[in-house]
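The following exercises are to be worked with the sequence and the coordinates side by side. Each task is followed by a solution in steps.

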Amino acid sequence: MSFVALAPARSAAQSGTLSAWGAAGTVTQGTGSQQFASALLPGSGGMADSALPSVTVPSTLSAEGLASITTGQLDQALVSATTTAEAAKVSVLDGLISADAVLAVATSYANGVAAASEADGSALVGLVVNDLSYGDVPPAPNTRVNLPGVGYVVLNEQIPTGDGVHTTGLMVNMIHVYLIDSVLGTLTGEIVVGAAQSAASL
C-alpha cells in the first residue's frame, strides 16, 4: 500500500491581511492632532470614505474639496488595498506652501508569490514652495526643501514597508511639513496634505 502526502490547503497555510487609511489633511501640534476627511478601511475589506467641503486652521492650513477613499479585497488568491486622498486650493502656513490640487495614491497587493506597493497616480498640481514653482509635475520621491525659520517640508514622501514577497506596504504623504524649534532643534508639530497608506500580506 502506498501513501500520498497531501500538501496543506492554501487557505490553511496562508492567511491574508490588509489595511488602508487616508486623510486629506492632518495637523499635529502641542495640543493634539486633527485629521480632516479621514477614512479607515475595515480589516475585512470593502470600502470606506470621507469628505469635507473645506477646512481652515488659522495660519496653518486651508483647503477645499477634501476627500479620502479606501478600498480593498481579501481572498485566498489575492489581497489588495488602495487609498486615495485629495484636496484642492491648498494653503499651508499662510501661503508659504500652496497647491491647486493634491492627490495621494497608495496601492498594495499580495498574491502569495509576490507582494508590491506603488504610488502611481499621485499628483501635485500648481505646487509653490517658498515662492519657487514646481509646476504640475510631482517632485521626485522624498524631496526635502528647507523652510528657514520654520523647519522643512518633504514632498512626495514615500515610506515602504514589508519584505516584497508575502508582505508589502506604502505610506504616501504628498506634502509633509515638519515644524522645528529654531533654538532647540526639536520637532514641535507636523502638517500633512494628502496622506494615503496601504498594506497587504498573503
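**Exercise 1.** Does Ala37 count as buried or exposed?

Solution. Begin with the conventions: this is a predicted model, in which local features need pLDDT of at least 70 and side-chain atom pairs count only at pLDDT 80 or more, while totals for chains, interfaces and linings use all residues. Residues are numbered from 1 along each chain as its sequence is written, and side-chain values use heavy atoms, with hydrogens and water left out. Next, apply the cut-offs, by which buried means under 20% relative accessible area, exposed over 50%, and partly exposed in between (1.4 Å probe, protein chains only). Ala37 has 4% relative accessibility and therefore counts as buried. Finally, place the residue: Ala37 belongs to strand β2, and its phi is positive, near 50 degrees, although the residue is not a glycine.

**Exercise 2.** Contrast Ala37 with Asp131, another non-glycine residue of positive phi.

Solution. The phi of Asp131 is about 75 degrees. Asp131 sits in the loop between β9 (127–129) and β10 (132–135), and at 78% relative accessibility it counts as exposed, whereas Ala37 is buried.

**Exercise 3.** Establish the strand order of the open six-stranded sheet and identify its edges.

Solution. First, count the elements: the protein chain has one helix and 14 strands, taken as DSSP runs (H or I of at least four residues for helices, E of at least two for strands) and numbered from the N terminus. Second, pair the strands, for which DSSP must find at least two bridges between them; the order that results is β2-β1-β14-β13-β12-β11, with antiparallel pairing. Third, look at the ends, where β2 (32–40) and β11 (143–147) each have a single partner strand, so that one side of each is left without a neighbour in the sheet. The twist from one strand to the next averages 20 degrees. Within this order, β1 (residues 17–29) and β14 (residues 187–201) are joined by eleven bridges, and Gly25 stands opposite Val193 in β14.

**Exercise 4.** Describe the surroundings of Gln197 and of Met174.

Solution. Gln197 is found in strand β14 and is buried, with a relative accessible area of 18%. Its side chain makes a polar contact of 3.1 Å with that of Ser19, the term denoting a pair of N or O atoms within 3.5 Å, of which, within protein, one must be able to donate a hydrogen and the other to accept it, residues adjacent in sequence counting only if both atoms are side-chain atoms. Beyond four places in sequence, Gln197 also touches residues including Trp21, Thr83 and Leu170, contact meaning heavy atoms within 4.5 Å. Met174, in strand β13 (residues 167–180), is buried at 0% relative accessibility. Among its contacts outside four places in sequence are Val102, Leu124, Val154 and Val193; the C-alpha atoms of Met174 and Val154, 20 residues apart along the chain, are separated by 7.8 Å.

**Exercise 5.** Decide which stretch of the chain has pLDDT below 50.

Solution. The pLDDT, the predictor's confidence in each residue from 0 to 100, has a mean of 93 over the protein chain, and 93% of its residues reach 70 or more. Over residues 1–13, however, the pLDDT is below 50, and this stretch has six contacts in the model beyond near neighbours in sequence. Where pLDDT is low, the predicted coordinates should not be read in detail.

Note on methods:
Axes fitted to C-alpha atoms, helices over the stretch in contact; angles between N-to-C directions.
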